[in-house]
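The following exercises are intended for a reader who meets this structure for the first time. Each task is followed by a solution that proceeds step by step.

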Amino acid sequence: MERIECAFCDAMGLDPFKIPSPLSKCQVCWGRGTVSVSVREKTIKCVYCNGSGAHPELRLTCPVCWGKGVVAVENQTMRCPECGGSGKAPESKLPCLRCDGKGVIARSD
Ligand SMILES: [Zn+2]
Ligand SMILES: [Zn+2]
Ligand SMILES: [Zn+2]
């Protein structure tokens, strides 16, 4: 086993999207800043997340409207200003499912 810098949090050890709080530990490396891979030479960049460790599409549910896309303001509903009506938190990427957020995957040759 070898350890490489965690791609998801950029080796910071903290959740890059401050979820659920700015002091939350990175869910990929559990705050260590590094992740273990079998052997560094036997890994390639994950093409699914382009090495970023973040899933290209998955987002958390918007914390303001709870996924509804609208918020109630003075007995009216308006489009949620946080997510623009998508119901997904815009800055809340989840770890890539292919590489578990490591940004690299085992080479299959
Ligand atoms: Zn991390
Ligand atoms: Zn990936
Ligand atoms: Zn919203």
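## Exercises on the metal sites and the core

**Exercise 1.** Determine how the donor residues of the zinc ion (ligand 3) are spaced in sequence, and identify the geometry of the site.

*Solution.* The donor residues of the zinc ion (ligand 3) follow the spacing C-x2-C-x14-C-x2-C. The model is a predicted one. In it, the protein donors of this ion are Cys62 (SG), Cys65 (SG), Cys80 (SG) and Cys83 (SG), at 2.2 to 2.3 Å. The next step concerns angles: those among the four donor atoms are 104 to 113°. Four donors count as tetrahedral if all angles lie between 85 and 135 degrees. The site of the zinc ion (ligand 3) is therefore tetrahedral.

**Exercise 2.** Decide whether Cys80 and Cys83 are buried or exposed.

*Solution.* Buried means under 20% relative accessible area. Cys80 has a value of 1%, so Cys80 is buried. Cys83, with 11%, is buried because this value also meets the criterion.

**Exercise 3.** Describe the site of the zinc ion (ligand 1) and state which parts of the chain are tied together by Cys6 and Cys26.

*Solution.* The zinc ion (ligand 1) is coordinated at 2.2 to 2.3 Å by the SG atoms of Cys6, Cys9, Cys26 and Cys29. Its four donor atoms subtend angles of 103 to 117°, and the arrangement is therefore tetrahedral. In sequence, the donor residues of this ion are spaced C-x2-C-x16-C-x2-C. Cys6 and Cys26 both lie in the loop between strand E1 (2–5) and strand E2 (34–37), so the pair ties together parts that are 20 residues apart in sequence. Cys6 is buried, at 1% relative accessibility, and Cys26 is buried at 0%.

**Exercise 4.** List the residues of the largest nonpolar core, and find the contacts of Ala54.

*Solution.* The largest nonpolar core has ten residues: Ile4, Cys6, Phe8, Cys9, Cys26, Val28, Cys29, Val35, Val37 and Ala54. With neighbours within four places in sequence left aside, Ala54 is in contact with Phe8, Cys49, Lys93, Leu94, Pro95 and Cys96. Another core, of five residues, lies apart from the largest one and includes Cys65, Val71, Cys80 and Cys83.

**Exercise 5.** Classify the one aromatic pair of the structure, and state which ring Arg98 lies over.

*Solution.* The structure holds one aromatic pair. Its rings, those of Phe8 and Phe17, have their centres 5.9 Å apart and their planes at 65°, so the pair is edge-to-face. Phe8 is buried, at 6% relative accessibility. Arg98 lies over the face of Tyr48, at 4.0 Å from the ring centre.

Notes:
Residues are numbered from 1 along each chain as its sequence is written. Chains are lettered from A and ligands numbered from 1 in the order in which they are written. This is a predicted model: local features need pLDDT of at least 70, side-chain atom pairs count only at pLDDT 80 or more; totals for chains, interfaces and linings use all residues. Side-chain values use heavy atoms; hydrogens and water are left out. Donors are N, O and S atoms within 2.8 Å of the metal (3.2 Å for Na, K and Ca); water is not among the atoms, so sites may look incomplete. Four donors count as tetrahedral if all angles lie between 85 and 135 degrees; four count as square planar and six as octahedral if opposite donors are over 155 degrees apart and all others between 65 and 115; anything else is irregular. Helices (H or I, at least four residues) and strands (E, at least two) are DSSP runs, numbered from the N terminus. Buried means under 20% relative accessible area, exposed over 50%, partly exposed in between (1.4 Å probe, protein chains only). A nonpolar core is a set of buried Ala, Val, Leu, Ile, Met, Phe, Trp, Tyr and Cys residues joined through side-chain atoms within 4.5 Å. Contact means heavy atoms within 4.5 Å. Rings of Phe, Tyr and Trp (its six-membered ring) pair if their centres lie within 6.5 Å; planes under 30 degrees apart count as stacked, over 60 as edge-to-face and the rest as tilted. A charge sits over a ring if NZ of Lys or CZ of Arg is within 6 Å of the ring centre and within 35 degrees of the ring normal.
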